[in-house]
Amino acid sequence: VQLQASGGGLVQAGGSLRLSCAASGRTFSRYAAGWFRQAPGKEREFVAAISSIGGSTVYADSVKARFTISRDSAKNTVYLQMNSLKPEDTAVYYCAAESVAGRWPYDYNYWGQGTLVTVSS
C-alpha cells in the first residue's frame, strides 16, 4: 500500500489543522493506520492509531482530547484532526499502515512521506 500525507502548514497556537493520509494500492480498509511525529533532534513518536474497521482508536497522552483520528473507507483516507494546537506539537507528521495497529514505528511496514506542522506561539 502507498500512502500520501497532506494538510500540514503553519498555524498559531490554539488553532486547528486536519491532516489527511490517502492510500492507494491494496485494500486500505484491511489495514490499521497510525500517525507519528518527529520533531527536530527527537525520535519519532506515536500520536494516534485506528483499527482497520475504525471502531477502535488509541492516542498518546500528550494529544488525548485534542486530536481525533478517523477514517473514510470509501475514500481510502485516514484523517488526524488536530485542535488546540501547541508549539510543542511542531513536527513532521507521518502516517503509517499495517495489518494490526501499534504504538511503535517498528510495528508498521508502510509509511507516507510526512507533512510538516508548525505551531507558532
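Let me start with Pro 105, which at 26% relative accessibility counts as partly exposed, and which sits in the loop between E9 and strand E10 (110-111). Please keep in mind throughout that this is a predicted model. Setting aside its neighbours within four places in sequence, Pro 105 is in contact with Phe 36, Arg 44 and Trp 111. Its C-alpha atom is also 7.5 Å from that of Phe 46, although 59 residues separate Pro 105 and Phe 46 in sequence.

From that loop I would like to step back to the chain as a whole. What does the protein chain consist of, in terms of helices and strands? There are 0 helices and 11 strands, so that, by the DSSP runs used here, the order of elements from the N terminus on reads β-β-β-β-β-β-β-β-β-β-β. Along the principal axes, the C-alpha trace spans about 40 × 25 × 25 Å. The radius of gyration is 13 Å, which agrees with the value near 14 Å that a compact globule of 121 residues would have. Among contacts with a separation of 6 or more, 56% are accounted for by residues 24 or more positions apart.

Turning to the surface and the interior, the protein chain exposes about 6200 Å², and carbon and sulfur atoms supply 49% of that area, while buried residues make up 44% of the 121 residues. As for charge, there are 12 positive and 8 negative charges, and their mean positions lie 6 Å apart.

Which residues touch the most other members of the largest nonpolar core? This core has 36 residues, and the ones in question are Phe 28, Trp 35, Leu 80, Met 82 and Tyr 93. Two or more residues are given to this core by each of several elements, among them strand E1 (2-6), strand E3 (17-24), strand E4 (32-38), strand E8 (77-82) and strand E11 (115-120). Leu 80 is a useful residue to display here, since I can list its contacts beyond four places in sequence: Leu 17, Arg 18, Leu 19, Trp 35, Val 47, Ala 48, Phe 67, Thr 68, Ile 69 and Tyr 93.

Two of the names connected with Leu 80 can be followed further, and I will take Thr 68 before the residues around Trp 35. Thr 68 is found in strand E7 and is partly exposed, with a relative accessible area of 41%. Apart from neighbours within four places in sequence, Thr 68 is in contact with Tyr 59, Tyr 79, Leu 80 and Gln 81. The C-alpha atoms of Thr 68 and Gln 81 are separated by 5.0 Å, with their positions 13 residues apart along the chain.

Trp 35 brings us to Ser 20, which lies in strand E3. Is Ser 20 buried or exposed? Ser 20 is buried, because its relative accessible area of 16% falls under the 20% limit. Not counting residues up to four places away in sequence, Ser 20 touches Gln 4, Ala 5, Ser 6, Trp 35, Thr 77, Val 78 and Tyr 79.

Tyr 59, named a moment ago as a contact of Thr 68, lies in strand E6 and is buried, with a relative accessible area of 14%. Beyond four places in sequence, Tyr 59 touches Phe 46, Val 47, Ala 48, Lys 64, Phe 67, Thr 68, Ile 69 and Arg 103. By contrast, a pair listed by distance is Tyr 59 and Glu 88, which are 29 residues apart in sequence and 16 Å apart in space, C-alpha to C-alpha.

Lys 64, one of those contacts of Tyr 59, is found in the loop between strand E6 (57-59) and strand E7 (67-72), where at 46% relative accessibility Lys 64 counts as partly exposed. From Lys 64 to Ala 101 the separation is 37 residues in sequence and 17 Å in space, C-alpha to C-alpha.

I will finish with the backbone. Which residue in the loop between E6 and E7 has a positive phi? It is Ala 65, with a phi of about 75° although Ala 65 is not a glycine, and with a relative accessible area of 83% this residue is exposed. Asn 76 also has a positive phi, of about 50°, and is not a glycine either. Asn 76 is found in the loop between E7 and E8, and at 25% relative accessibility Asn 76 counts as partly exposed.

Note on methods: Residues are numbered from 1 along each chain as its sequence is written. This is a predicted model: local features need pLDDT of at least 70, side-chain atom pairs count only at pLDDT 80 or more; totals for chains, interfaces and linings use all residues. Side-chain values use heavy atoms; hydrogens and water are left out. Helices (H or I, at least four residues) and strands (E, at least two) are DSSP runs, numbered from the N terminus. Buried means under 20% relative accessible area, exposed over 50%, partly exposed in between (1.4 Å probe, protein chains only). The radius of gyration is taken over C-alpha atoms; the globule rule is 2.2 Å times the number of residues to the power 0.38. Contact means heavy atoms within 4.5 Å. Accessible areas come from the Shrake-Rupley method with a 1.4 Å probe; for residues, only the protein chains shown count as cover. Lys and Arg count as positive and Asp and Glu as negative; His and the chain ends are not counted. The place of a charge is taken as NZ of Lys, CZ of Arg, CG of Asp or CD of Glu. A nonpolar core is a set of buried Ala, Val, Leu, Ile, Met, Phe, Trp, Tyr and Cys residues joined through side-chain atoms within 4.5 Å.
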